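Visitor: Please take me through one part of this model in detail, the surroundings of the ligand. I would like a single connected account.

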Amino acid sequence: HPLQVGITGGIGSGKSLVCSIFKALGIPVYDADSHAKELMTTDGILVQQIKKEFGELSFHEDGSLNRGYLSKAVFNDVDKLERLNRLVHPRVGEDYARWVNQNANSPYVLKEAALLFEAGSHQTLDKVMVVVAPEALRIERVLQRDPQRTTEQIKAIIRNQMPEEEKMKRADHVIVNNETELLIPQVVALHHQFLSATASSRS
Ligand code: ATP
């Protein structure tokens with residue numbers, strides 16, 4: 001198995017941007033959130049389970065996910081959110097395991113997930129990185145990226161996520177994505193660390 005590295009960070013921290021740098025360095029990245037969304041409409045068993053737990057309204061007529069309905073159902077309801085995660089998570093886990101096998105020749109692989117610690121995925125990974133940035137900057141970046149969102153909505157999402165300090169305590173590596181630290185050199189340094197960790201474990 002290749003070395004498995006997780007990457008997480010709150011909304012607007014810059015996870016996706018950091019992942020695109022790793023990809024440019026030739027490292028395969030598994031985006032757990034987008035695979036989860038995809039499996040929620042393509043995995044027949046999962047679709048049935050979601051309909052049973054949350055109702056037929058969870059999907060539009062054409063089979064696509066009724067995101068508005070579902071996110072209203074789970075937002076601010078920890079119990080329901082947990083039930084949804086308990087359905088989706090095992091399917092993503094299986095899909096990810098298959099993907100790792102397909103990328104077994106890579107020196108290491110990345111798993112990107114917004115709720116990595118919350119889902120307990122860090123327990124199965126060799127190393128975990130967290131991307132952090134000041135809250136005001138995160139809000140500004142998300143407003144730029146998603147103009148339909150409001151500052152209040154973004155703040156509510158941030159309050160709903162595990163605090164950054166908590167993630168930093170649990171992570172093996174912290175990537176600082178503010179306006180003063182240089183992003184690419186931090187990523188390149190970590191890339192070399194993971195490559196040498198792989199080299200020493202294989203020799
Ligand atoms: P989400 O959890 O919402 O998907 P994310 O952590 O993946 O967020 P990104 O999408 O990578 O965050 O970054 C948020 C936005 O801010 C993007 O439009 C990205 O291009 C921009 N951004 C991130 N970091 C920087 C930076 N250092 N300089 C300029 N723009 C940045």
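**Around the ligand**

Guide: Gly14 sits in the loop between E1 and H1. This is a predicted model, and Gly14 is a useful place to start. Gly14 counts as buried because it has 22 C-beta neighbours inside 10 Å, and 20 or more are enough for that class. Leaving out residues up to four places away in sequence, Gly14 touches Gly9, Val131, Ala133 and Asn177.

Ser13 is also found in the loop between strand E1 (3-8) and H1. With 28 C-beta neighbours inside 10 Å, Ser13 counts as buried. Its contacts, apart from neighbours within four places in sequence, are Val131, Val132, Ala133, Arg138 and Asn177. Val131, Ala133 and Asn177 therefore appear in the list for Ser13 and in the list for Gly14, by the 7 Å contact cut-off.

Now to the ligand itself. It is surrounded by 13 residues, and the closest are Gly14, Lys15, Ser16, Arg141 and Arg145. Two elements give two or more residues to this shell: helix H1 (15-24) and helix H6 (135-145). H1 supplies the largest share, three residues. Sorted by class, the shell has four nonpolar, six polar and three charged residues.

A database record covers part of this region. In an unreviewed entry, UniProt lists Gly12, Ser13, Gly14, Lys15, Ser16 and Leu17 under "binding site". Gly14, Lys15 and Ser16 from that list are also among the residues closest to the ligand in the model.

Key:
Residues numbered from 1 in each chain as written. Predicted model: local features only at pLDDT ≥ 70, side-chain atom pairs only at ≥ 80, totals over all residues. Near = placed C-beta within 6 Å. Helix = DSSP H or I, 4+ residues; strand = E, 2+ residues; numbered from the N terminus. Nonpolar A, V, L, I, M, F, W, Y, C, P; charged D, E, K, R; others polar. UniProt positions renumbered as here; feature names shortened; annotations may be inferred. Buried ≥ 20, exposed ≤ 12 C-beta atoms within 10 Å, placed from the backbone. Contact = placed C-beta atoms within 7 Å.
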